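Welcome! Please take a moment to look over the sequence and turn the structure around before reading on.

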Amino acid sequence: MRASSLVAPLTTLVVAGATLVAAGFVRPAQPVERPVAMVPPVRSLSCAFPGALGTVFTTQAEAVAVTTPSGAAVEDPFGTERVTGPVLLTRTGEGHFAAAVLSKAGDAMSWTECGAPATRGTVMLPIATDTELLLVNTDQVDAVVSITLHGPSGRITSAGLEGVVVPRRQSVRVPISVHVPTATAVAATFVATQGRVRASANLTRGGREQMAPSQARNTLAFAGVPASTKVRLVLFNPGRETVDVVVSALGVRGRFTAEGGEVSIDPGVTVELDLTDPLNGESVGLLVEGSGPIAGAVDVTAGADRVWLAPQDPGTELRDVVPEGQLQLVNTGESLAQVTVEDTRRASTRHQVPAGGTATVAVPAGVVRITSDKPIAAGVLVTGKGLASTRVRAVQNTTRPEPGMLDPQLGQT
Amino acid sequence: MTASSGEDPWAWARDDDAGPPPSTAPIQDWAWAHEEPEPLPRRESPEQVLAVLVVHQAADWLDRTLLALAGLTEQPGRLVAVDTGSTDASRQMLIDARARGVLDEVVEAGPQPGFGAAVAHVLGGTSGRFDWLWLLHDDLEPQPEALRELLVRASADDHPDLLFPKLLQPHRRNHPDQLAEVGSSVTAGGSRFLGLAPGEIDQRQLDSRPVLGGSTAGMLVRRTVWDDLGGLDPALPLFRDGQDFGWRANGSGALVVTAPDAALHHRQEGRFGDRDSDLIQEPAMTDRLLGMRMMAAHAADPRRELARQRRLALQRSAGYLLGKAPAEARAEFGAARQAGRQRDEVDRMLARSGPAAATLAPGLRPAAREVWASRRDRVARAASDSWRERRGDDPETSLDDLIGDDFAGGRTRRRLATPGRILMMVLVVATFSSARHLFGRGRLSSVALAPAPHDLASAWAAWLQPTPGEWGANAGWLGLMALGSTLAGGQPEVFVRLLVVAAPLLGGLLAHRGLRRVLGDGWLAAALALAWPASAVLLGVTARGSVSGAMATILLPVAAGLAVRWFRQEDDVADPWRVPAALALALGFLALGSPLFAMAGLVIGAARALTRRRFHAPGLAVALGPWLLLLPWLPRLVQHPGRLLTGTDPTLARGDAGAMPLWMGACLAVLMMLLAVLGVIQGRPRLHRTASTGLVVGVAASAVIGAWLPKLLVPVDGQSVHPSGEPWQLTAVACVLVLVSLALNRKRTSPIVPRAHLAAVLLSLLIAVLGFGVAMVGASRSPLQVRQTAVPEFVTAVQQSSRASRALLIAMDAGTHRWALTSAQRPAWGSGEAHPVLASPERSDQVAALAAQFAQGTPSDDLAARLARLGIAHVVMTGGEVRGQAALSNAPGLHSSTSEQGTTVWTVQGLTSRLALDEAAGTFRLAETPDGRWVVRVGGDRVPVQADASGFGLHGSTGGKSGAVTWRMATPWWQVPAQLLGVVVLAVLTAPSVQRQGARPPARLATPRRAS
């Protein structure tokens, strides 16, 4: 065999070696992200309204099932006065979903927000003697709820508030006057040790107001506080430390700190602030800023009418169903806000709301969408035979969650 | 006192001239050693012996027989030779012997039907009265004292009537005599029972004893007994005649004994078919046939015994067929057939000899345990011979073995620091050093290794219970793992640690064994063997915990060695199937983990056929044998062809963790290529061009494919995974080592080590230092670790309970999350052989969506219901703050708790189980992937189930039954037989061929036929 016979094998080896080295610099192909077919989310809203007949308003009529708590479907649910009691709205799909019920009791009209059941929360009761706590269980299992009341002196101990059983697809009313016989404001916190409930406070005398549950936050905003004869702000400190609170009024005169609006709230204590004089009968917005989480509500008395307002989170995009009335935009920020309001007729109007100021727009009943470059709060004042006010909540989109990465070896430390 | 070789150390004791001993006392003490034994009183005279030598076609060895007869110290009274129609030079040789006085008479008898007939012919024509008849075969070489010793025994006080001498195997120079037969008996199956150990050396260790019968070769019989019994039975013309005669003699009350002091070398030319004669066409078949006749003739119920013997023969025939002895199988079958056709022969035997004796003296027939002990000894001897052959030792015992001692050079002095021992020491130290962190509680896992099952039953279930929704059986390597776990005392964890950790050690030792065959037991073989496990370590096989890689590390050296042997083997060797079948078996076991190795069998088979330019049937074993082992798994491979390119548990591996750094890979590639270049250059003068080219192509192609293939993606059950480069890379390394070893295997004539050897050793050691250095230094950073589970114990307890629930694990990680679905069985071996989430990409999407809702705090109201429908009872979140805690808390049907370690566990309310039972309606639902192989039992009774319309889950009715509900995937009935079929077929072909007892001993081949 001649030396030339070495050329071919050696060349082969050299080429192979070079290819090996080249391969070292090439990144392995990565799996193409396959679109994951995510299951459509399901959201339920519970609507328990005062009165006998109601009309359901919702931001999304498609893919929404309306049933009674017992599971029976409501025929033509979005027709006028088609519901005769608490209903459950279940929507399958993504996007914004909010609902409310317009109900009548005699000549009086009531606008009641629908909300999701929860395992815990706080409901403000501006006047204990005239209020009942309504617990609605729309789930398939019984709920067991423990209620704690907090008054001006702190926690109120009373029998019968622990282990309240709310049977599946039924509701339970808890009269607060039994536990708090004085006409003071109290805060009711509830924890469901089993199941979940939609809790709300109903006024049993002097009106048909309903107070929705709320979560404690450092900042609370109230829009649509009507011009009235008496305004009370009820605040509750659910924490374990004292919270210092500053209450500001936001109106046509701009932002100002209400007299007597600077208080300290001890842990577990509910306080009442009378803002009648500082507000001087104006329709304003309120901004409550605390050094810690607080819950709150506004109790407005205008003649024989009574209006309860639940707090809201200022946002740049608000979307809710509202009754026909005057939409009040409240700029809780420090600079001018450019606001666009789109109502159910798809009529779009632009507004400038000064810092700490308010603006008013007439809106029809239905969906209203508000977009702003600055965080704002909004509420709708209804004036007719009576007085009513409702908040416009921030968009609560059910977004498409991003899938994570499958790691079959997960779980080994 | 010392004695030099050749001197008689006892000479001083005998030599009167050597001077007086130190004292007289020792002489008196040893006096007995010099006393001549008292001669036995002789009554039988050789003059009374008529010797009959029967000759037939014996020209090739007759001269040795005649020479031996001429050398007898005591000649028989008359020595008559009878030629039975020989057509060769036998008759002339007899006449010449007669002329020389060796024979007294030569009788021309013409063709005779058997040995007995020839003797009868002589007796009919011989005058004179002789008391004894001595029968001689033409291939018998009596030792000089043979007749004398026979007569001595015949003269003993017990007055034996029939004596069978000691027959020895043909004598071989420098080898001790081996016993062939000293009388014989017969087993219940009709086989000859010699009562000797295989290859037993004649050391005059046997005493005379009563015996059933024996060979007619050298048989000495009292003439009166001969006449009374009518001589040999003509129905047993060639074999078994001596046994039958002895049996009849015993039955008649005659004394039949062995005479082990009388020795004769017996060539057994007739039995081994070396005689050029028309009398015996098939000696083995004839022996079996006559054995059956004899057994029937001596049975109380001859017909029934004959039927039994035929049945046994058919069984043996099947056994021989399995044992790759078709000739023996044919002989047994033919004998059974002939015996059936010639039943009348038995009747004629009975008519001649009368009914069988009722009883025989105890001990004449072997007990069953003696027969089995004899068979066991034969197997042990065969195994021992095979082992010694593999070691290169002569399996035969030489005279040096018997008489040598340390001073006679019988043993070689053994060195302590041999290359092999040093190699083993290095491997053991490196293995334990790199595995020092793997001795804790927990379960071993890595990027390509799932944790071991909790118990042995789960390990077997991983193989035997098919994956729902997937075709065929589970991967074959799971069966090997289960088998290994069984052998490891039922501890899967112990076995997997041994396998993964010790794979380089075992691979190195096996590589050394293969290289030693080529290169000898030197430093070069040890160094190259060291490079093999080091390369495996550098390629990340150990760090990734790859089971298929570990299997390749161990078995590839074996397969490579067998491939080399097969390529070197001629087609006409004695057993051409053994090596290719062994190669197929090795490749088959490799293919159980990496199916690609089955393809390698096709390539190797085709390559050999091309190089030899002809088809060779055993090549089919290599080409198709590995696929036999894959039979049960083939449907799955057809379903997911991407699996052909991957290693074990392919869908488990994530990323390239455990892979070697670029610089390390480059070093290995460069060193290996240098070795290959060395092999090419050194192999030029002595390695066949085809072999050299083939190996170079093998190195280059394997290396290139092994480097580039893992860059790609292939689908396996809906998952995109990287093909495994390990099989290719390891094959490339193996090809380099084979190339170098073949190129450097020339025998050294000079003590100076060639430079090429030094270079190869140096390169190999560099690879070894690099590999084991990385393993030892980087052990703690290796992904191969013993880990504890992050799942809380209460979750694990529920998973392992009868609820058999699943758990969704979510790990939050810097804005993203990872997730997995676990159960009591997963992750574990085999989890990665299908899609790791319920074996379905679609179901995986569903679980991914649920995990995303948890991770992003946007729970759907039906979240708990969805979890429950999938049998998920717990969601475990680790590694970060839970987003949307309030929303998650409000999700219906879930209850959360947070541990001190920050792990949040959501429990689905309602004791979620994979089985949802509606007692009122008498129905149930199983959260399992639909499959027709589900077996659901209620109270032990099977109930039918249907698949849910949703595509996941099964439902059925309890049918009013009560009791525990159990469910499992039914093992396909054909899985285990199909798996065993492949293994057994290849193992049988790999095993040495079965040999019949008394088959030709190998030593006969070396025995000269003609006298010198």
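Here is a short tour of this predicted model, from the build of one chain to the cores, the strands and the contact between chains.

## Chain A at a glance

Let us begin with chain A, whose secondary structure comes to 2 helices and 32 strands. Along the principal axes, its C-alpha atoms fill a box of roughly 120 × 50 × 50 Å. The radius of gyration of chain A is 28 Å, whereas a compact globule of 413 residues would have one near 22 Å.

Buried residues make up 50% of the 413 residues in this chain. Contacts in chain A also reach along the sequence: among those between residues at least 6 apart, 77% join residues at least 24 apart.

## An enclosed strand in chain A

A good strand to look for is β25(A), residues 325–331 of chain A. Because 6 of its 7 residues are buried, β25(A) is largely enclosed by the rest of the structure.

Which strands pair with it? One is β28(A), residues 358–363, which pairs with β25(A) in the antiparallel sense over 6 bridges. In this pairing, Gly325(A) stands opposite Val363(A). Another is β29(A), residues 366–383, again antiparallel to β25(A) and joined to it over 6 bridges. Here the bridge partner of Gln326(A) is Leu381(A).

## The nonpolar cores

Now for the inside. The largest nonpolar core has 147 residues. The members that touch the most others are Ala559(B), Leu583(B), Ala586(B), Leu590(B), Val699(B) and Val736(B). Helix α20 of chain B, residues 547–568, provides the largest share of this core, with 14 residues. Apart from this core lies another, of 112 residues, with Leu102(A), Leu235(A), Ala295(A) and Val353(A) among them.

To see the largest core close up, try centring your view on Leu590(B), one of the members with the most contacts to others. Leaving aside residues up to four places away in sequence, Leu590(B) touches Met551(B), Ala552(B), Leu555(B), Leu556(B), Ala559(B) and Phe597(B).

## Where the two chains touch

How many residues of each chain are in contact with the other chain? Chain A has 49 residues in contact with 70 residues of chain B. On the chain A side, α1 (7–24), β1 (42–47) and β32 (405–406) each supply at least two residues. The most come from α1(A), which gives 11 residues. By type, the chain A side divides into 28 nonpolar, 15 polar and 6 charged residues.

Strand pairing also crosses between the chains: 2 bridges join β32(A) to β17(B), residues 816–822, and the two strands run parallel. Within this pairing, Met405(A) has Arg818(B) as its bridge partner.

## A small sheet in chain B

Last, look for an open sheet of 4 strands in chain B, ordered β21-β22-β26-β25 with antiparallel pairing. At the edges stand β21(B), residues 915–918, and β25(B), residues 945–947. Each of these has a single partner strand, so one side of each is left without a neighbour in the sheet. From one strand to the next, the twist averages 20°.

Between the edges, β22(B), residues 923–926, and β26(B), residues 954–957, pair in the antiparallel sense over 4 bridges. For a residue pair to find on screen, take Thr923(B), whose bridge partner in β26(B) is Ser957(B).

Note on methods. Residues numbered from 1 in each chain as written. Chains lettered and ligands numbered in written order. Predicted model: local features only at pLDDT ≥ 70, side-chain atom pairs only at ≥ 80, totals over all residues. Core = buried A, V, L, I, M, F, W, Y, C linked by C-beta atoms within 7 Å. Buried ≥ 20, exposed ≤ 12 C-beta atoms within 10 Å, placed from the backbone. Contact = placed C-beta atoms within 7 Å. Nonpolar A, V, L, I, M, F, W, Y, C, P; charged D, E, K, R; others polar. Pairing = 2+ DSSP bridges. Axes fitted to C-alpha atoms, helices over the stretch in contact; angles between N-to-C directions. Rg over C-alpha atoms; globule rule 2.2 N^0.38 Å.
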